[in-house]
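Colleague: Could you take a close look at one part of this model with me? I would like to go from a single residue out to its surroundings.

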Amino acid sequence: MEDLLRRLGPRVLGVLVRRGADFASAEDAVQKALIEAVDRWPEGMPSDPQAWLVTVAWRRWLGHVRSETARHRRERADLAEPPQPGWARGQCCGGPVRWPVGRRHR
């Protein structure tokens, strides 16, 4: 199985990149798909291992892209909102914010 995965990894990466994924995130998605294959395939290998890896890697990549897109939207929305009154004075939720004093984090 190890030889098969070593042979299929670059092929699957090529498919994702040709579909439009950037190389770094496609590589991460393929690695996650390979790990999942190692976990699942001892129970039984799929009839078309390359297609299985492409499907799993593509879904991992899509999940990553959707997550990043949502994060960027939230960040832009946070930047677009004006600061709430009191934040500049160090107040939150109706009371002053207390910052930890005396301990240094290492």
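Is Glu36 buried or exposed, and what is its relative accessible area?

Modeller: Happy to! Keep in mind that this is a predicted model. Glu36 has a relative accessible area of 14%, and because buried means under 20%, Glu36 counts as buried. The residue sits in helix H2, which covers residues 23-40. Leaving aside residues up to four places away in sequence, Glu36 touches Trp52, Val56 and Arg60.

Let's widen the view to the helix itself. H2 is 18 residues long and spans 25 Å from its first C-alpha to its last, close to the 26 Å expected at 1.5 Å a residue. Glu36 has company on the buried side: Ser25, Ala26, Ala29, Val30, Ala33 and Ala37 are buried in H2 as well. Looking down the axis of H2, these buried residues fall within an arc of 140 degrees, so they line one face of the helix. An α-helix has 3.6 residues a turn, so residues three or four places apart point the same way. On the face of H2 turned away from the buried side, you will find the exposed residues Ile35 and Asp39.

What does the buried side meet? The buried residues of H2 pack against helix H1 (2-18) and helix H3 (49-80). Seen from H1, the cover over its own buried residues includes H2 and H3. Those buried residues of H1 are Leu4, Leu5, Leu8, Gly9, Val12, Leu13, Val15 and Leu16. One of them, Leu8, marks a kink of about 30 degrees, shortly before the proline Pro10. H1 has 17 residues and reaches 25 Å between its first and last C-alpha, close to the 24 Å expected at 1.5 Å a residue. Just after H1, Gly20 adopts a positive phi of about 115 degrees.

Now for the chain as a whole. Its secondary structure comes to 3 helices and 2 strands, in the order α-α-α-β-β along the sequence. Of the 106 residues, 25% are buried. Among contacts between residues at least 6 apart in sequence, 60% join residues at least 24 apart.

As for confidence, the mean pLDDT of the chain is 84, with 75% of its residues at 70 or more. Among the elements, H2, the helix you asked about through Glu36, has the highest mean pLDDT, 96, whereas strand E1 (residues 91-92) has the lowest, 56.

Methods:
Residues are numbered from 1 along each chain as its sequence is written. This is a predicted model: local features need pLDDT of at least 70, side-chain atom pairs count only at pLDDT 80 or more; totals for chains, interfaces and linings use all residues. Side-chain values use heavy atoms; hydrogens and water are left out. Helices (H or I, at least four residues) and strands (E, at least two) are DSSP runs, numbered from the N terminus. Buried means under 20% relative accessible area, exposed over 50%, partly exposed in between (1.4 Å probe, protein chains only). Contact means heavy atoms within 4.5 Å. pLDDT is the predictor's confidence in each residue, from 0 to 100. The expected span of a helix is 1.5 Å times one less than its number of residues. The arc is that of the directions from the helix axis to the C-beta atoms. The bend at a residue is the angle between axes fitted to the seven residues ending there and the seven starting there.
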